[in-house]
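Please open the model in your viewer and keep the selection tool at hand. The stops below say what to select next and what is there.

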Amino acid sequence: IDRDEAVNIFVTGKTKTWGQALGIKSAVPIRVYTRSDACGAGETWAKYLGKKQEDLLGGGVFGDPGLAQAVTKDPQGIAYNNIGYAYDAKTKLPNTGVKVVPLDVNGNGKIDQEENFYDTMDAIVNAIATGKYPSPPARDLYFVTSGKPVKKELVEFIRWSLTEGQKYVLESGYINISKEKLAAGLDKIK
C-alpha cells in the first residue's frame, strides 16, 4: 500500500476492503486495529499519515503485544507496530500469523526492488538504518536529561547503553545506532 491508501485505511475509513487496498477483486473487509494507549509507534505512524494519533481509526488495543495478537487472530486485520513485534528476534522472519504489508514508498503502484525489504528482520533493519524506509514511521529514540548528566550512575548507564548495551538492541526490536551517532552521544557525557 502507498501512503495515500494508508490514510484511507487508518484515517478516513474510505478503504473498507482488501480488494480496494490492494487493487484486486476482493470484497473481504479490512478490520483496522490501533493502539488504545498513547505511544510512540502510534504517534509516529500518524505523523507519517499527516495526522495525530487521536485521528487514527480502528478498534483500540492496548500495547504492542496486543496489536500483534489482534492481527494474528484476525486474518482480515491490519495494524501498525514496532518491528520487534512483527519479526521473531531469533529466526529474523515475520512472527507466525503476521504478514508485514510493504509500503510503496515512491507511490508508483508497486513494490520496486529498492522497496522490497520486508522478508526478514535484517532486511528491514538495514532499510531503516540506510534511510530506504521512511522517517516517519521510523524514528530515533533519545535519552532526555535536565542539563548535562553529572550523577555517576546516570553517566555510566548512558555510556553502557551507547557501548556494551548496543549488543542487546536488535534482540529488543530496535535498530543499531550509527557509529557517528554513538560517538556524538558519548561526547555529550564527557
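## A tour of the model

Begin with Lys92, which sits in the loop between H5 and H6, where helices (H or I, at least four residues) and strands (E, at least two) are DSSP runs, numbered from the N terminus. Although Lys92 is not a glycine, its phi is positive, at about 70°. Before going on, please note that this is a predicted model, in which local features need pLDDT of at least 70 and side-chain atom pairs count only at pLDDT 80 or more, while totals for chains, interfaces and linings use all residues. Residues are numbered from 1 along each chain as its sequence is written, and side-chain values use heavy atoms, with hydrogens and water left out.

**The whole protein.** Zoom out and colour by secondary structure, and you should find eight helices and three strands, which follow one another along the sequence in the pattern α-α-β-α-β-α-β-α-α-α-α. The C-alpha trace spans about 60 × 35 × 30 Å along its principal axes. Of the 190 residues, 39% count as buried, a word that means under 20% relative accessible area, with exposed meaning over 50% and partly exposed in between (1.4 Å probe, protein chains only).

**Helix H6.** Select residues 121–129, which form helix H6, and pick out its buried residues, Met121, Ile124, Val125, Ala127 and Ile128. They lie on the same side of H6, because they cover an arc of only 160° around the axis, the arc being that of the directions from the helix axis to the C-beta atoms. An α-helix has 3.6 residues a turn, so residues three or four places apart point the same way. Now add helix H5 (83–86), which is included in what covers the buried residues of H6. Just after H6, select Gly131, which has a positive phi of about 85°.

**Salt bridges.** Which side chain meets that of Asp74 in a salt bridge? The partner is Arg31, at 2.7 Å, N to O, and a salt bridge here is a side-chain nitrogen of Lys or Arg within 4 Å of a carboxyl oxygen of Asp or Glu. Asp74 lies in the loop between helix H4 (63–73) and strand E3 (77–78) and Arg31 in strand E1 (residues 31–35), so the pair ties together parts that are 43 residues apart in sequence. Asp74 counts as buried at 7% relative accessibility, whereas Arg31, at 38%, counts as partly exposed.

Next, select Arg35 together with Asp37, whose side chains meet in a salt bridge at 2.6 Å, N to O. Then add Asp64, which forms a salt bridge with Arg35 at 2.9 Å, N to O. This second pair links distant parts of the chain, with Arg35 in strand E1 and Asp64 in helix H4, 29 residues apart. Arg35 and Asp64 are both buried, and Asp37 is buried as well. Through shared partners, the salt bridges join Arg35, Asp37 and Asp64 into one network. A search of the whole structure finds nine salt bridges.

**Helix H7.** Finish at Ser161, which belongs to helix H7 (residues 152–162) and counts as buried at 12% relative accessibility. With what is Ser161 in contact, leaving aside its neighbours within four places in sequence? Show Phe143 and Gln166, since these are the residues in contact with Ser161, where contact means heavy atoms within 4.5 Å.
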